[in-house]
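Thanks for sharing this one. Here are some notes to read alongside the coordinates, in the order I would look at things.

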Amino acid sequence: MSYLTDPFAVPEQPTPPAPRDRGTTADPDDHPREDDRDDRPREGARQDGSPDDHARGTADADEHPRDPRRQTPPARETGRARRSDTGVGERGAHAPGASVGPATGSTADAHTDAHTDDHSDGHADGHADGGSVPAAEEQEVAPPVVLTRPAEGVPGVVEDEHRLLEVADALAAGHGPLAIDAERASGYRYGQRAYLVQVRREGAGTWLFDPMACPDLEPVQRATRGVEWILHAATQDLGCLREVGLSPDALFDTELGARLAGLPRVGLAAVVEHYLGFSLAKEHSAVDWSTRPLPEDWLIYAALDVECLAEVREAMIEDLTAQGKIEWARQEFEALTSFTGHPVRTDPWRRVSGMRRLRTPRAAAILRELWYVRDDLARDRDTAPGRIAPDAVIGALAGAAPTTSAEVTAASSHRAVRRHPEIWARAVRRALDLPESELPPTSLPSSGPPAPRSWADRDPLAAARLTRAKDDLARFAEEHRIPLENVLTPDTLRRVVWNPPADPDEASLHAALRELGARPWQADIAAPVLDHAFATAEPA
């Protein structure tokens, strides 16, 4: 049953806190989001293949016995067991009701109940004196079993249109949600295109697609129209998936769900271990996924990224429902279906490290010209701009402003710069020849409120309101084990406080939050908190 119907029909929500006075808390911006893949960057893709793709849905399961390392893990304390004292409830390590048909192989049958008991330290109870537990009564906490191979073997890679149509038919005949992931070559290639797409669906198995050989995966889109997607950190992949013709009608994001559920670590490996008691290897996370052919161990790594997502989804739905957060998740996931990518930055060259050291418009113009030279070279060579010349190198060139090849080689020891010095010298000369009217400002005016550190001087009342609201929201976040930035983004909070409605009350503040993009559940929580802050806060 889709989570969009029954499991999400549990609208009861935790009550927003009664605001109270507290000391100041750290700014949410000081707590950046955790990497979506548990300490590993999301760098790109994996492929090749083994022409033997019968293992992913057409061969008898007995032809591909499960790796013995995928068997039931030793008795251990899983994330679900560790949380037994929170009232969230417990479950086995496999998704309820999951089954394995011939050659489709949910990992559910390889996972059994992994938690042992309700004792968070993993030892037997009954030692009130606090003494050491006798060795005979100790229960070792075993390390998680590492998934080393897909349940049905290593999938081949779909590399031609005929095979693509066959796989699309297989996916259409499957059932349940579609687990999907994409691998890119960030740091190696120009842009963020997908170099491998992995999908898995019950009844169809796991498939890997090479977007270099099959750049249009629209047959897969048609075959799975209306099917819910499962992704981990959806905003990382939705953009590159749209480029190959794939976009979701509904989705479930296990990374965002993990944040809402209060998991301390939300990378894929950590989430899988928390809910299922297994661990995923991460050794191929930062390789160049544009490599062809891709080694078999990379293909294994790619397939495992979607192997467990359906089971994680089932466990997470149960967890979020028990915590009264399922409606929050539904709203967040619904909003993600319209995500088309992060906004294009105005003047992206301004992000170069060292920009702030360039104090004149002329120096900024030099940096701009150097940045565009590097970007053009990177695009032409299909390589990451940083591999042409790091930011520090072009920042230093902008400061030195060399106008001849000799001056360029004297100003930089970087090999790529010294190899073609005239390219960089011409860029500097172009900037120096610009009239004053065409020089860029050293900084752009902000469209949002000023930095909070200046509020006390510029508007003491707004500063007091911000502190009060932030403190009460932080308390709510702590009580409900959810990151503060997921309750309400810092930017949204600052904008409402700095430019409030003309007659601020709970209703008008709620409307202002919604207009700024807050989900209904966020506005329901934040509006009464803001109303209290506006009514009670006084300038220091």
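**Notes on backbone, packing and cavities**

1. Let me start with a loop. A401 sits between helix 12 (391-400) and helix 13 (405-411), in the loop that joins them. Its phi is positive, about 50 degrees, although A401 is not a glycine. With a relative accessibility of 24%, A401 counts as partly exposed. Please keep in mind throughout that this is a predicted model.

2. For context on that point, most residues other than glycine have a negative phi, and most peptide bonds are trans. Two further places in the model deserve a look for this reason. R481, again not a glycine, has a positive phi of about 50 degrees. The residue is found in the loop between helix 17 and helix 18 (484-487), and at 31% relative accessibility R481 counts as partly exposed.

3. The other place concerns a peptide bond. Between R292 and P293 the bond is cis, and omega is near -10 degrees. P293 belongs to the loop that runs between strand 8 (278-280) and helix 7 (296-307).

4. Helix 17, which R481 follows, is worth a paragraph of its own. The helix covers residues 460-479, 20 residues in total, and spans 29 Å from its first C-alpha to its last. That is close to the 28 Å expected at 1.5 Å a residue. How many of the residues of helix 17 are buried? The count is 15 of the 20, so helix 17 is largely enclosed by the rest of the structure.

5. Helix 4 (residues 234-243) is a good one to display with its surroundings. Its buried residues are A234, D237, L238, C240 and L241. What do these buried residues pack against? Their partners are strand 3 (175-183), strand 4 (196-202), strand 6 (228-231) and strand 7 (250-253), together with helix 9 (326-336). In an α-helix there are 3.6 residues a turn, so residues three or four places apart point the same way. Just after helix 4 comes G245, with a positive phi of about 90 degrees.

6. Two side chains in helices also caught my eye. R313, in helix 8 (residues 309-322), has a relative accessibility of 2% and therefore counts as buried, the cut-off being under 20%. Its side chain makes a polar contact with the side chain of E314, at 2.3 Å. You may like to look at this pair directly.

7. S508 lies in helix 20 (residues 506-515). Its side chain reaches the backbone oxygen of D503 at 3.2 Å. Once neighbours within four places in sequence are left aside, S508 is in contact with P501 and D503.

8. Finally, the cavities. A search of the whole structure finds three of 30 Å³ or more, and the largest has a volume of about 40 Å³. Which residues line the largest cavity? They are L377, R381, I388, A416, R419, H420, I423 and W424. Helix 10 (361-381), helix 14 (415-419) and helix 15 (421-433) each supply at least two residues of this lining. By class, the lining of the largest cavity has five nonpolar residues, one polar residue and two charged residues.

Technical notes: Residues numbered from 1 in each chain as written. Predicted model: local features only at pLDDT ≥ 70, side-chain atom pairs only at ≥ 80, totals over all residues. Heavy atoms only, no water. 1 Å grid on protein atoms, 1.4 Å probe; cavity = no way out; pocket = protein on both sides within 12 Å on 5 of 7 lines; lining within 4 Å. Points joined across faces, edges and corners; volume = space filled by probe spheres on them. Helix = DSSP H or I, 4+ residues; strand = E, 2+ residues; numbered from the N terminus. Nonpolar A, V, L, I, M, F, W, Y, C, P; charged D, E, K, R; others polar. Expected span 1.5 Å × (residues − 1). Buried < 20%, exposed > 50% of the residue type's maximum accessible area, 1.4 Å probe, protein only. Polar contact = N/O pair within 3.5 Å; in protein donor to acceptor, adjacent residues only side chain to side chain. Contact = heavy atoms within 4.5 Å.
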